[in-house]
Amino acid sequence: MSGNLIMIGKSGAMAARAALDITAQNIANASNANYARRTLSMAELASKGGIASEPGTGLSGVRPDQVLRTNSLFLQNEARRTGSDLARADAELSGLTNAQSAVEQAGIYPALVDFEASLARLASDPLDGALRAAVLEDGRRIAQTFNIADQGLATAVQEQQFNADAGVAQVNVLTGELARTNAAIARATPGSSTMAVLHDQRDALLGEMSGYAGLGTTFDALGRVTVKLGSETLVSGVDSFALARSDNADGSFAFTVGGVATTIGTGSLQGQSQAVQGITAISSDLDAVANLLISKANSAQSTGAALDGTAATPFFSGMGAAGITLALASGDGIATAPAGAGPRSRDISNLQSLRDSLSVNGPAAGQDALLFRVSSGIAARTITRDALSTIADTAGTALAAETGVDLDQEATNLLRYQQQFQASSKVIQAASDIFDTLMGIG
Amino acid sequence: MTAVTNSTLAFYRRASAQMGTLRASSETLQNQISTQERLTRSSDDPVAASQLRMLSRDEKLADIDAANARRTSENLELAGDALGAISEDLIRARELVLWASSDTMGAAERARIGEEVEQLRLRILSSINARDAGGNALFGGETSGNAYTLSGSTISYTGTATAGEIDLGQGQLLSRGVTGPEVMNFTSGGSPTDVFTFLGSLASALQGGVADPVQAARDGLAGIDDAVESLTRAQTIIGTRVAWIEVIEDRQIDQSLTRAARTAETGGVPFAETVAELQQMLTVLEASQASFTRLASLSLFDSIR
């Protein structure tokens, strides 16, 4: 029966070689985040008990049974969910931080303080042309800083919208890929390497997609995925539906899947939506500060007289942070004296009332409150983001620990299968020896 | 297979996350030390940032208030100097009138004294029209022109009724000066007059404008005394205001120091603590890098031959 022994040895050597291949594949993919560790399960080859057969005669070795892919649905889901949360917090925070930079670095607050300081200096000598010109130039600077801040906010909004559009396009590409992967999974043999590769690909696509939007996923027995976005189905079997985006009045985004409205709970798309909503609110707050300045300065002008004694004209024109412009042509137009004071009056009561109205609940206080609101919102969101980041890191690491490659384990496996291969070759050697011995008898 | 593994990927991820956090913290500390500012943007500490904004605004406005106080004080001192000159002129006039009131003085000499009194009157006019550092009339109230103008032989006040007030910060309103009438007007023998009218009529009386110039001179002495008294009162007012401004300036300096201390407390970096913290952070980072290298080089593949 040496023939049988040779066959058993051969099957053992082949199985060991296949297992070595899998081990090598694992080692090669040790740093691939989308790769889940594979193991090869073995199945014994034996004829199942015929009546007449003697014990031991039905053995015919081993065969590689299935390529098993280590998977943890819970950890995969957890990693996706926390990843979505983190992406949302990151997107919102980055949008608001841009808005904060736009408002803070434009230097509106220092410009408002400088304007008040110039007015105070003008009070010491209201007829001094240089001091009047300084007030005028500081007024011009305020108007420009408001314009710059407004442009910065508009750019921040555009950036978020651009990113969101890119995100929507990317989600649509990914849903198409996912539908194709589902189709391929249906055709692949369960337990094959191909199936494992397809499952890896499916999880990678889902991982990438969940960065854009929070997904609801269900899997069938083969591993095909059905993806839901809010209440709407995004991918089902081989069908995928297009995601589209439009703007709401308050700046937030509205989403549709296949033309039907849906909501996105989390992910970078939702974060961008929240960021734009936040920036729009900041923008209208900034407009309110600008309008406060315009109304205070202009109402002071309306009760005063210019240097030549004529009725003063408005200081600023336009509305809001985008529209505010300096209207006065010359410093002589600043109404330091009350109306009817006559030409070249040194009466500063009108200037004083402007200073008083600016210093109590004036634009500087408004701007400070605005900056405080923005920055404390960012500070709170930074804490949330850091917490979510820790959670997402932990989930990612837990997933990697569960499904990733352990090089020490693979080294042991390498040794183990190598030994199995060597032992199997010894079995073949033994079969050959037995055969030779039998031949030698004759 | 659900065996516990030491996933290589997870090991590197954990290690890089931990070392990255340590490195970021050290860099933040290093940045704080080199800029000497704890906050780089408002969201680092919104409350402190708002306080710092308020402090910087107060500081900026206080600088202007201090400059305005200095300027007002200088103008008041100039006004004081002018009043001193006027006072000397009035005393000189009194001396002359005293001579003129003597019976031993001849009519011609008395007329010359009258001329000198007239000259003193004009000198007082130029003193009262003195300008401040900004070129505006010291005693003209809020006018941009002269306080008094001479037309023919009449000198009349052409300024405004009040001097106006300046805000020296924190609700401290101070009158910018005194007006001409506050200095020059006085009551002589029950009837209100001013220095120029009084000296003008006295001068013309001494030059023979009245029947009894000697008596006019004797009557004039009392009037000049009243004028000097009114002037002295104005000098006292100015002196008090200068002293008041000094008090305000002292308080401004105190407040500025307090603000600087609060700014350093709110937005500054405690040097020793931060350096110590950085050193601690660096020690931990170094240790974790060293242990990471040791662990990473620990591979079974090296041992399998």
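**Close-up views of chains A and B**

**View 1. Salt bridges link chain B to chain A.** Between chain B and chain A there are 5 salt bridges. In one of them, the side chains of Arg346(A) and Asp132(B) come together, with 3.6 Å from N to O. Please keep in mind while looking that this is a predicted model.

**View 2. Four elements of chain B each bring at least two residues to the side that touches chain A.** The rule finds 22 residue pairs in polar contact across this interface, with both partners at pLDDT 80 or more. On chain B, the contributing elements are helix 1 (8-35), helix 2 (46-100), strand 3 (165-167) and helix 8 (300-303). Helix 2 of chain B gives the most, with 13 residues. Sorted by class, the side of chain B that touches chain A holds 14 nonpolar, 15 polar and 13 charged residues.

**View 3. The whole interface between chain B and chain A.** Stepping back a little, 42 residues of chain B are in contact with 56 residues of chain A. Together the two chains bury an area of about 4300 Å². Carbon and sulfur atoms give 53% of that buried area.

**View 4. Helix 2 of chain A and the residue Gly107(A).** Here we turn to chain A, where helix 2 runs over residues 73-105 and has 33 residues. From its first C-alpha to its last, this helix reaches 47 Å, close to the 48 Å expected at 1.5 Å a residue. Just after helix 2 of chain A comes Gly107(A), which takes a positive phi of about 75 degrees.

Conventions:
Residues numbered from 1 in each chain as written. Chains lettered and ligands numbered in written order. Predicted model: local features only at pLDDT ≥ 70, side-chain atom pairs only at ≥ 80, totals over all residues. Heavy atoms only, no water. Contact = heavy atoms within 4.5 Å. Buried area = accessible area lost by both parts, 1.4 Å probe. Salt bridge = Lys/Arg side-chain N within 4 Å of Asp/Glu carboxyl O. Polar contact = N/O pair within 3.5 Å; in protein donor to acceptor, adjacent residues only side chain to side chain. Nonpolar A, V, L, I, M, F, W, Y, C, P; charged D, E, K, R; others polar. Expected span 1.5 Å × (residues − 1).
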